[in-house]
Amino acid sequence: ANSWSRVVVDGKTQFEGTLTKGDTRKWQAQKSLKVRLGNAGGVILTYNDKVLGPAGKSGEALTRTFER
């Protein structure tokens, strides 16, 4: 499903906008990657080639931070 998203890589915003169903995006970080999602249930997260599944519940807003 569609989800408004913000991606911050190593402290700098790399993306802010709406991801639509079927979109695939990749980001690489040296230290941290922070993802803010407006519809967490509509986003499947993959981290270091491991599928984590839906980020949360449908309609749920949440922030996930990944650190090395």
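**Exercise 1. Contacts and burial of Gly 53**

Determine which residues Gly 53 touches, not counting residues up to four places away in sequence, and decide whether Gly 53 is buried or exposed.

Solution. In this predicted model, Gly 53 touches Val 43, Ile 44 and Leu 45 once residues up to four places away in sequence are set aside. The next step is to place the residue, and Gly 53 turns out to lie in strand E5, which covers residues 50–54. For the burial state, the relative accessibility of Gly 53 is 14%, and the cut-off for buried is under 20% relative accessible area; Gly 53 therefore counts as buried. Finally, one of its contacts can be given a distance: Gly 53 and Val 43 are ten residues apart in sequence, while their C-alpha atoms lie 8.0 Å apart in space.

**Exercise 2. The surroundings of Val 43**

Locate Val 43 relative to the strands, list the residues that Val 43 touches, not counting residues up to four places away in sequence, and find how far Val 43 is from Ala 1 in sequence and in space.

Solution. Val 43 belongs to the loop between E3 and strand E4, the latter spanning 44–47. With residues up to four places away in sequence left out, Val 43 touches Ser 3, Leu 37, Gly 53, Pro 54 and Ala 55. Its relative accessible area is 11%, so Val 43 is buried. As for Ala 1, the separation from Val 43 is 42 residues in sequence, but 7.1 Å in space, C-alpha to C-alpha.

**Exercise 3. The open sheet**

Work out in which order the four strands form the open sheet, which are the edge strands, and what the bridge partner of Val 8 in E3 is.

Solution. The order across the open sheet is E2-E1-E3-E6, with antiparallel pairing. Strand E2 (12–19) and strand E6 (62–67) each pair on one side only, which makes them the edge strands. From one strand to the next, the twist averages 15°. Turning to a single pair, strand E1 (residues 3–9) and strand E3 (residues 32–37) are joined in the antiparallel sense over five bridges, and in E3 the bridge partner of Val 8 is Lys 34.

**Exercise 4. The largest pocket**

State the volume of the largest pocket, and describe its lining by residue, by element and by class.

Solution. The volume of the largest pocket is about 930 Å³. Its lining consists of 31 residues, of which Arg 25, Lys 26, Trp 27, Thr 46 and Tyr 47 are the closest to the centre. Two or more lining residues come from each of E1, E3, E4 and E6. Sorted by class, the lining comprises 13 nonpolar, ten polar and eight charged residues.

Notes. Residues are numbered from 1 along each chain as its sequence is written. This is a predicted model: local features need pLDDT of at least 70, side-chain atom pairs count only at pLDDT 80 or more; totals for chains, interfaces and linings use all residues. Side-chain values use heavy atoms; hydrogens and water are left out. Two strands pair if DSSP finds at least two bridges between them. Axes are lines fitted to C-alpha atoms, for helices over the stretch in contact, and angles run from 0 to 180 degrees between N-to-C directions. Buried means under 20% relative accessible area, exposed over 50%, partly exposed in between (1.4 Å probe, protein chains only). Contact means heavy atoms within 4.5 Å. On a 1 Å grid over the protein atoms alone, a cavity is a set of points where a 1.4 Å probe fits but cannot get out, and a pocket is an open set with protein on both sides within 12 Å along at least five of seven lines; lining residues have an atom within 4 Å of a point. Grid points are joined across faces, edges and corners, and a volume is the space filled by probe spheres set on the points. Ala, Val, Leu, Ile, Met, Phe, Trp, Tyr, Cys and Pro count as nonpolar, Asp, Glu, Lys and Arg as charged, and the others, Gly among them, as polar.
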